[in-house]
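Visitor: Could you take me through one spot in this protein up close? Start small, then show me what surrounds it.

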Amino acid sequence: MIDIHNHILYGTDDGAADLQEAVEMAQIACREGITAIVATPHFRIDRHNDSPETLRTRLEEIRQAVKKLGIPLTLYLGHELYYGDGAEEALEEHRVCTMHGSAFILVEFSPDEEYTYIRNAVDHLMGLGYLPIIAHAERYRCMVNNPGYLWELRNMGSKIQINAASVISGPFRRFTRRLLDEELVDYLATDAHGSRERKPEMKRCRAYLYRKYRRPYVDAILVKNAGHIVKDKSL
Ligand SMILES: [Fe+2]
């Protein structure tokens, strides 16, 4: 499986605290059947953000440590862009990392954001040639009970990511499962933040999905669709 939303890149956001925790997260991911991770640290225009060079150096440290321990895990770099004023400029100035240099960009909004704002953001990003992926789409209040909105965003060309943990438990479970029922989901990811809490777990969710849904659909949201991201060269 390929995990396209993960805060394994240590020391830059509320994800892994240090190299050791990042390595522990890699170990857990490997046990869970994850073979590749796109590291997506938070990028917020109103906060300090480490430069892409710093992030690349740190990711390389994790790569070396993981390799030394014989953990078969590929690591790519991306960002989770919190959308707001200045987001497009930051992208155009290459301060934000798209998913492994592809046209895909993982975008999050405030959970209380209005739908028209989200739709306009998708429109702007697509106008600049980016392919937005809506991070943890199950969490936005304006979408809950309105999957029609997510259909509209998807018809515009954006992609939909949901968190594995939301499928299993928590307040968003019902809506998350509805999105799966409607085959509205493009990617299932962990959005892992650590090795003790919010861990990179997929196994339980994977078993549930294969029990409940069509095999080709589950293959697509766990592996195939993410494979297209890391191979994309359209930007
Ligand atoms: Fe995240």
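Visitor: Where is the place of His94?

Guide: Sure, with one caveat up front: this is a predicted model. His94 sits in the loop that links helix H3 (87-92) with S6. Its backbone deserves a look, since His94 has a positive phi of about 60° and isn't a glycine. Is the residue buried or exposed? His94 counts as exposed because it has 10 C-beta neighbours inside 10 Å, and the cut-off for exposed is 12 or fewer.

There's another residue of this kind, Glu183. Its phi is near 50°, again a positive value in something other than glycine. Glu183 is in a loop as well, the one between helix H7 (173-181) and strand S9 (187-189). It has 12 C-beta neighbours inside 10 Å, so Glu183 counts as exposed.

Now follow the loop from His94 into S6, which covers residues 104-108. S6 pairs with S7 in the parallel sense, over four bridges, and Leu106 stands opposite Ile133 in S7. To get from S6 to S7 the chain goes through helix H4 (residues 115-127), and that β-α-β crossover is right-handed.

Stay on S7 (residues 131-134) for a moment. Leu131 and Ile133 point one way, while Pro132 and Ile134 point the other way. In a regular strand, side chains alternate between the two faces of the sheet. Here the residues on either side of S7 are all buried.

The next step goes from S7 to strand S8 (residues 159-163), another parallel pairing, with two bridges. Ile134 stands opposite Ile160 in S8. The chain makes this trip through helix H5 (residues 147-156), in a β-α-β crossover that is also right-handed. Then S8 and S9 run parallel, joined by three bridges, and the bridge partner of Gln161 is Tyr187 in S9.

Put those strands in context and you get an open sheet of six, in the order S3-S5-S6-S7-S8-S9, with parallel pairing. Strand S3 (42-44) and S9 are the edge strands, each pairing on one side only. From one strand to the next, the twist averages 35°.

What about the packing? Nonpolar side chains tend to be buried together in soluble globular proteins. The largest nonpolar core in this model has 73 residues, and Ile8, Ala39, Ile105, Val107 and Leu188 touch the most other members. Take Leu188: leaving aside its neighbours within four places in sequence, it is in contact with Ile162, Ala164, Cys205, Ile221 and Leu222.

Finally, zoom out to the whole protein. It has nine helices and nine strands. Its radius of gyration is 17 Å, close to the 18 Å that the globule rule gives for 235 residues, so it is as compact as a globular protein of that length. The C-alpha trace spans about 45 × 45 × 30 Å along its principal axes, and 45% of the residues count as buried. Among contacts with a separation of 6 or more, 77% come from residues 24 or more positions apart.

Methods. Residues are numbered from 1 along each chain as its sequence is written. This is a predicted model: local features need pLDDT of at least 70, side-chain atom pairs count only at pLDDT 80 or more; totals for chains, interfaces and linings use all residues. The radius of gyration is taken over C-alpha atoms; the globule rule is 2.2 Å times the number of residues to the power 0.38. A residue is buried if 20 or more other C-beta atoms lie within 10 Å of its own, exposed if 12 or fewer, and partly exposed in between; C-beta atoms are placed from the backbone. Two residues are in contact if their C-beta atoms, placed from the backbone, lie within 7 Å. A nonpolar core is a set of buried Ala, Val, Leu, Ile, Met, Phe, Trp, Tyr and Cys residues joined through C-beta atoms within 7 Å. Two strands pair if DSSP finds at least two bridges between them. A crossover is right-handed if, with the strands pointing away from the viewer, the path from the first strand over the helix to the second runs clockwise. Axes are lines fitted to C-alpha atoms, for helices over the stretch in contact, and angles run from 0 to 180 degrees between N-to-C directions.
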